[in-house]
Amino acid sequence: MVLKSHMAYILIKVTKLVVMSYPDAEIINLNVGGRKFATSRSTLTWIPDSFFSCLLSGRIPSVKDENGAYFIDRDPESFVPVLNFLRTKDLNLNGIDPKIVLHEAQYFGITPIVRRLSLCNELDNNPCGDVLFIGYLNPPELPPNPLDKKTSRRSSMCSTTNNAESALERAQLLKNAISEPNLKFDEVDPRKVLIIAGHHNYIAIAYAHYVFCYRLEDQVGWRLIFTSQYLDSTVEKISLNVKMHGTKTIAITSGSKVWIYNCDSGQQIGHFNLTVTIDASFFVGTQLVCLSYTGKIGVWNVHTKSWRVQDVIEISSYDTAGSVLLLGGTNGIIFYVDMDKFPLRMKDNDLLVTELFKDPQGDAITALSVYLTPRATFCGNWIEIAYGTSSGAVRVIVHHPETVSSGPQLFQTFLVHRSSVNRVTLSEKQLISVCSEYNHVRTWSVTRFRGMISTQPGPTSISSFNVVALEQNNTHASYASGNKIGPYGERDEQLLFVQKVVPDTDQIFVRIAASGKRLMTCKSVDGSRITASTVHECDAAARMGSRPRRFLFTGHGNGSLQMWDITTAIERASKTPEFGNILGPSDQELLKLLDQCDLSVSRCTTPRRFNSEASLTSQFPNNILRFQNSSSSLGTAYSENRCNVARDHELLQAASAVPGPSRVNRLESSSESHS
């Protein structure tokens with residue numbers, strides 16, 4: 001017994017001498033996420049400035065468990081390939097996702113693994129895109145800011161007047177910086193694309209203080225034809241019309257102001273003020289219409305070059321078709337305006353607004369869609385109108401021109417939504433409604449007889465799905481204008497949704513509105529984040545056999561514009577038997593996207609209403625959620641709700657596995673993020 005004890009003592013002494021002589025042979029015990037590992041010091045420290053080199057040299061603090069092992073709070077399964085590489089210098093992923101191993105290697109500072117896996121990612125991501133990617137426009141050269149020149153000239157002057165003017169200029173720049181989406185209050189990003197608008201073979205791209213217009217030419221491609229002057233205020237909305245009696249006109253709005261330019265000459269046609277915030281601007285025939293939900297309408301006529309402002313009812317929705325303008329009121333009444341008759345009454349400054357229909361329940365009209373049927377009489381077209389209400393009802397009414405005195409007739413009512421309806425579209429083949437509960441979509445097929453909607457058998461429900469889209473808190477008004485989900489498309493063709501799950505992402509999904517099936521996934525070819533998108537159909541080329549084609553345009557944080565061929569995607573989908581097996585983003589894709597977003601401060605465009613608002617306010621004080629198409633001037637009843645962003649089943653499963661805070665640009669405080 002004494003001999004065994006003596007031998008053990010000698011062995012311990014020898015081991016200590018070996019360790020002192022060869023310190024790299026020291027055994028290091030690790031506790032990674034509760035799983036024990038043992039390795040040598042030399043294995044862990046042969047890469048300089050790695051996590052383990054810093055840990056064992058004492059340059060970073062360490063935590064040890066009850067057995068003296070270094071505790072590392074990481075996933076043990078993902079750590080195994082990293083440790084095996086340190087032992088053998090051979091990378092074996094053991095069936096683990098390469099992106100997970102790359103993430104772990106970046107955390108531990110194992111640069112050889114990072115370089116290998118990063119190269120694999122670069123090889124997988126083709127910078128020229130897939131077969132559906134068809135074009136890339138480099139960022140335009142932004143003209144110099146005239147305010148910068150003024151500030152530099154005035155800096156050498158001591159006049160108190162000039163100092164006051166410079167202070168006002170700096171205050172204006174600071175105001176613009178505060179209102180910029182996804183930016184801190186002291187930053188201005190003039191390169192980011194805010195809005196994209198198209199009309200025929202022209203597209204307009206809005207940046208913070210400039211707007212550019214491009215024309216599609218057969219041999220040249222997209223050619224820049226117009227650059228606006230520097231705008232003091234950040235652009236919020238743009239409207240484009242290239243068929244106004246040979247004049248190509250673009251309207252730019254910010255706050256209550258509107259600027260109108262001639263794209264051919266580059267000259268400013270007019271600068272007007274509605275005196276209240278402009279919530280929507282669009283062209284109806286030869287007239288530009290600017291709406292405020294407070295109940296003001298401004299109309300600019302291309303013939304008379306005059307600007308008229310008129311007070312009407314409080315507006316909560318609108319839609320146009322031909323020369324028809326429909327206004328949905330907060331009082332539950334739909335009003336009809338024939339814009340062709342408006343120029344005849346310009347001298348009276350009177351817009352002929354006619355009450356068309358009153359909702360049976362008196363609920364606010366929160367969504368409108370008008371469809372002009374092919375059948376026409378001497379009195380005009382038969383008009384079909386679908387509308388949604390604040391209570392979630394969707395109704396279809398039919399207006400016959402021969403019975404204009406009796407008004408439209410209620411055709412059908414759907415009570416499937418439990419939240420306010422914020423979008424509704426009536427097309428030739430479908431009726432599509434979107435409610436404010438995480439963009440929940442219901443689609444009905446429409447039966448027609450000789451072009452008119454039929455009562456036999458009537459619309460039947462064919463699909464139900466969500467188009468989830470999250471926003472940051474207090475985004476600038478341009479975000480809603482540049483990131484609409486749709487549905488996009490003419491009323492007689494395939495309608496599409498564009499889904500951008502989180503605000504800071506380089507990936508969006510295009511889905512068929514009738515079924516919710518995924519048509520295509522668009523990923524930025526240069527890795528830049530997508531800041532705006534739209535779907536637009538360009539006219540057929542002049543060469544024989546060409547036909548109109550639909551494109552998806554995406555604007556990016558670096559100022560570039562990328563284009564995707566939707567027409568080809570639809571044709572391929574119709575010929576592919578396995579198409580339609582995938583609906584929206586998969587669980588894995590949702591987890592990856594939500595990992596980039598901090599749900600505690602995000603704003604969802606599609607909140608759900610609850611009876612007990614006070615309890616939710618105490619539990620989730622930062623989640624102030626609003627309709628995507630709402631405005632602050634519409635009132636709190638229609639523009640602001642508070643809710644838990646994890647109510648939807650699709651997000652509930654995904655958000656439960658989100659590991660931690662996001663890497664998205666977050667607004668640090670309510671005072672900094674208030675625009």
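The exercises below work through a predicted model of one protein chain, each with a solution in steps.

**Exercise 1. The chain as a whole**

Find how many helices and strands the chain has, and what share of its residues is buried.

Solution. Begin with the secondary structure, which comes to 15 helices and 40 strands. Next turn to burial, where the chain has 675 residues and buried ones make up 51% of them. Then consider the surface, for the chain exposes about 31,400 Å², of which carbon and sulfur atoms supply 52%. Finally, look at the contacts with a separation of 6 or more, of which 53% are between residues 24 or more positions apart.

**Exercise 2. The largest nonpolar core**

Determine which residues of the largest nonpolar core touch the most other members, and which element gives the most residues to this core.

Solution. The core holds 27 residues, and those that touch the most other members are Leu30, Leu44, Phe52, Phe79, Phe108 and Ile110. Now ask where the members come from: the elements that give two or more residues are strands S1 (27-32) and S3 (70-72), together with helices H3 (51-56), H4 (76-88), H5 (98-108) and H6 (111-124). Among these elements, H4 gives the most, with six residues. In soluble globular proteins, nonpolar side chains tend to be buried together. As a last step, take Leu30 and set aside its neighbours within four places in sequence; its remaining contacts include Leu44, Phe52 and Phe79, and also Arg35 and Lys36.

**Exercise 3. Strand S37 and its partners**

Decide whether strand S37 (residues 561-565) is largely enclosed or not, and find which way S4 and S36 run relative to S37.

Solution. Start with burial: five of the five residues of S37 are buried, so the strand is largely enclosed by the rest of the structure. Leu561, Met563 and Asp565 point one way from the strand, while Gln562 and Trp564 point the other way, and all are buried. Then follow the pairing, in which strand S4 (residues 133-137) is joined to S37 by four bridges and runs antiparallel to it, whereas strand S36 (residues 549-556) is joined to S37 by five bridges and is also antiparallel. Gln562 makes a good reference point: Tyr136 stands opposite Gln562, and Thr554 has Gln562 as its bridge partner in S37. To finish, examine the hairpin that S36 and S37 form, with four residues between the strands and, in the turn, Gly559 with a positive phi of about 95 degrees.

**Exercise 4. Two cysteines**

Classify Cys290 and Cys522 as buried or exposed.

Solution. Buried means under 20% relative accessible area. Cys290 has 0% relative accessibility, so Cys290 counts as buried. Cys522 has 1%, and therefore Cys522 counts as buried.

Key:
Residues are numbered from 1 along each chain as its sequence is written. This is a predicted model: local features need pLDDT of at least 70, side-chain atom pairs count only at pLDDT 80 or more; totals for chains, interfaces and linings use all residues. Side-chain values use heavy atoms; hydrogens and water are left out. Buried means under 20% relative accessible area, exposed over 50%, partly exposed in between (1.4 Å probe, protein chains only). Contact means heavy atoms within 4.5 Å. Accessible areas come from the Shrake-Rupley method with a 1.4 Å probe; for residues, only the protein chains shown count as cover. A nonpolar core is a set of buried Ala, Val, Leu, Ile, Met, Phe, Trp, Tyr and Cys residues joined through side-chain atoms within 4.5 Å. Two strands pair if DSSP finds at least two bridges between them.
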